[in-house]
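Trainee: Could you take me closely through the sheet in this model, strand by strand, and then through what lies around it?

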Amino acid sequence: MIKNEEILLEALKDTLKPATGCTEPVAVAYSAATAKAQLDGEIRYAEIYVDEGIYKNAVYVGIPGINERGLEVAAALGFVIETPEKELRIFENITEECLEKALKLVEAGRIKVSIANQCDRLYIETHLETSEGKVRVVTLDKHNHIESIEKEASFERYVCPAYHQKENQKPIQSFSLEEIVEFVEDIPIEKLQFIEKGIELNIHAARVGLKSEHWLGSNILKMVHDNKMSDDMVSRAQILCAAASEARMTGIRLPVMSVSGSGNHGLTVFLTNMGVADKAGTSHEKLLRALALSSLLTVYIKSFTGVLSAMCGCGVAAGIAASAGVVYQLGGSVEAMYGAMLNMVGSITGMICDGGKEGCAYKLTLASGWAVQSALFAMNHSIIHDTDGICVPEFRTLFEHMGHICNPGMMATNSSILDILIHKKSAGRGAVCAAALA
């Protein structure tokens with residue numbers, strides 16, 4: 001048996017979760033559904049507190065299959081759908097009747113969403129009062145992790161517990177890059193067959209996105225056909241990532257395979273690798289192993305940077321991890337994998353996350369294309385010096401540096417982004433495009 005096979009295999013299975021819709025409004029709906037499942041009776045009042053990252057990512061993004069946006073609607077849908085067992089796929093159950101009931105709750109002023117200030121980790125606290133009682137539900141650190149459920153709770157808000165990196169070290173942080181690669185290479189391939197579902201879901205999302213003529217993925221494909229862009233690994237990865245992300249963030253009702261709680265992370269990891277495999281003729285087994293490697297490295301990086309931050313995790317986590325997967329696919333060494341990651345860290349670190357919306361497709365396009373190029377550069381010995389800026393020769397220290405930049409380094413940046421989004425919303429200048437229906 002491979003050393004610590006159980007830990008890494010469990011980490012891989014735990015991070016790959018199908019999700020329908022952007023996972024921030026989904027997480028709020030899941031929290032609300034969990035609360036309502038505890039109580040019968042008519043909803044009298046509900047208040048939901050969320051951290052800045054949840055609010056930022058959910059305020060403008062599409063909800064699958066409907067024209068409405070926003071956390072109040074997401075919470076209301078959770079209360080009326082009332083199927084917490086669906087977890088991150090709870091929005092698959094939206095019917096016209098559910099939407100009508102949810103909108104009535106919002107219009108009646110029975111749902112309030114507030115920001116839990118000075119909270120540096122993923123946090124949702126749902127207070128629900130019905131004609132039959134009260135309940136408080138707390139979600140912490142993961143979109144689908146219910147930390148506590150308290151019936152008849154006092155409605156004085158909890159204080160979000162501070163996150164301390166040393167006190168919250170994840171098991172995956174004990175592994176070296178070499179050990180993660182060894183696991184991926186040596187594990188019997190039948191134990192990775194569950195990854196097939198992610199291939200199926202994410203390529204389907206890309207195909208749906210390519211049906212929309214004026215979306216980014218379709219335009220890149222047209223430019224390839226018109227010989228304005230090359231038909232290579234870079235453009236193939238970008239086409240797939242752009243098409244799937246724009247479809248998902250617009251609100252098309254279909255699931256994708258998420259990584260580290262993010263559907264866009266999953267699209268970046270899977271479709272970057274799949275684009276390369278398509279052009280390089282990679283064997284299916286090699287592709288599965290590359291996807292396992294990129295997924296685990298995303299989990300590793302996010303364990304330092306946090307689930308949500310001011311930096312775009314699609315680029316500065318999933319994109320970095322995808323670059324190593326590309327090197328693996330193409331037969332490169334562990335040293336070249338680290339070189340590709342250095343190329344990514346030393347160039348696009350700091351790309352901000354300004355919330356979930358259709359424009360995320362452009363960030364995935366940048367991240368996926370640059371991940372492929374960074375991998376190719378590294379395999380041809382063009383690697384950023386490991387002493388440049390925040391770069392270091394040590395794998396763990398590199399991502400400790402990135403984690404420090406995210407928290408505490410960019411906490412003020414995150415707040416500034418949120419200030420802008422709230423001002424736009426209050427001025428009525430937010431995104432309003434209708435959700436596309438599948």
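**The sheet and its surroundings**

Mentor: In this predicted model, five strands form an open sheet in the order β3-β2-β4-β5-β6, and their pairing is mixed. The edges are taken by β3 (111-115) and β6 (146-151), each of which has a single partner strand, so one side of each is left without a neighbour in the sheet. Averaged over neighbouring strands of this sheet, and with direction ignored, the turn of one against another is 10 degrees.

At the β3 end, the pairing can be followed down to residues: β2, which covers residues 43-50, runs parallel to β3 and pairs with β3 over five bridges, and Y49 has S114 in β3 as its bridge partner. Helix α2 lies across β2, β4 (123-130), β5 (133-140) and β6, and its course makes an angle of about 35 degrees with β4.

The helix α2 (23-36) also leads to the interior space, since α2 is among the elements that give two or more residues to the lining of the largest cavity, the others being α3 (52-58), α9 (233-250), α10 (263-280) and α14 (360-379). That cavity holds about 280 Å³ of space, and it is one of three cavities of 30 Å³ or more in the structure. Its lining comprises 27 residues, among which N57, S262, H265, C314 and C353 are the closest to the centre; by character, the lining residues divide into eleven polar, nine nonpolar and seven charged.

Key
Residues numbered from 1 in each chain as written. Predicted model: local features only at pLDDT ≥ 70, side-chain atom pairs only at ≥ 80, totals over all residues. Heavy atoms only, no water. 1 Å grid on protein atoms, 1.4 Å probe; cavity = no way out; pocket = protein on both sides within 12 Å on 5 of 7 lines; lining within 4 Å. Points joined across faces, edges and corners; volume = space filled by probe spheres on them. Helix = DSSP H or I, 4+ residues; strand = E, 2+ residues; numbered from the N terminus. Nonpolar A, V, L, I, M, F, W, Y, C, P; charged D, E, K, R; others polar. Pairing = 2+ DSSP bridges. Axes fitted to C-alpha atoms, helices over the stretch in contact; angles between N-to-C directions. Contact = heavy atoms within 4.5 Å.
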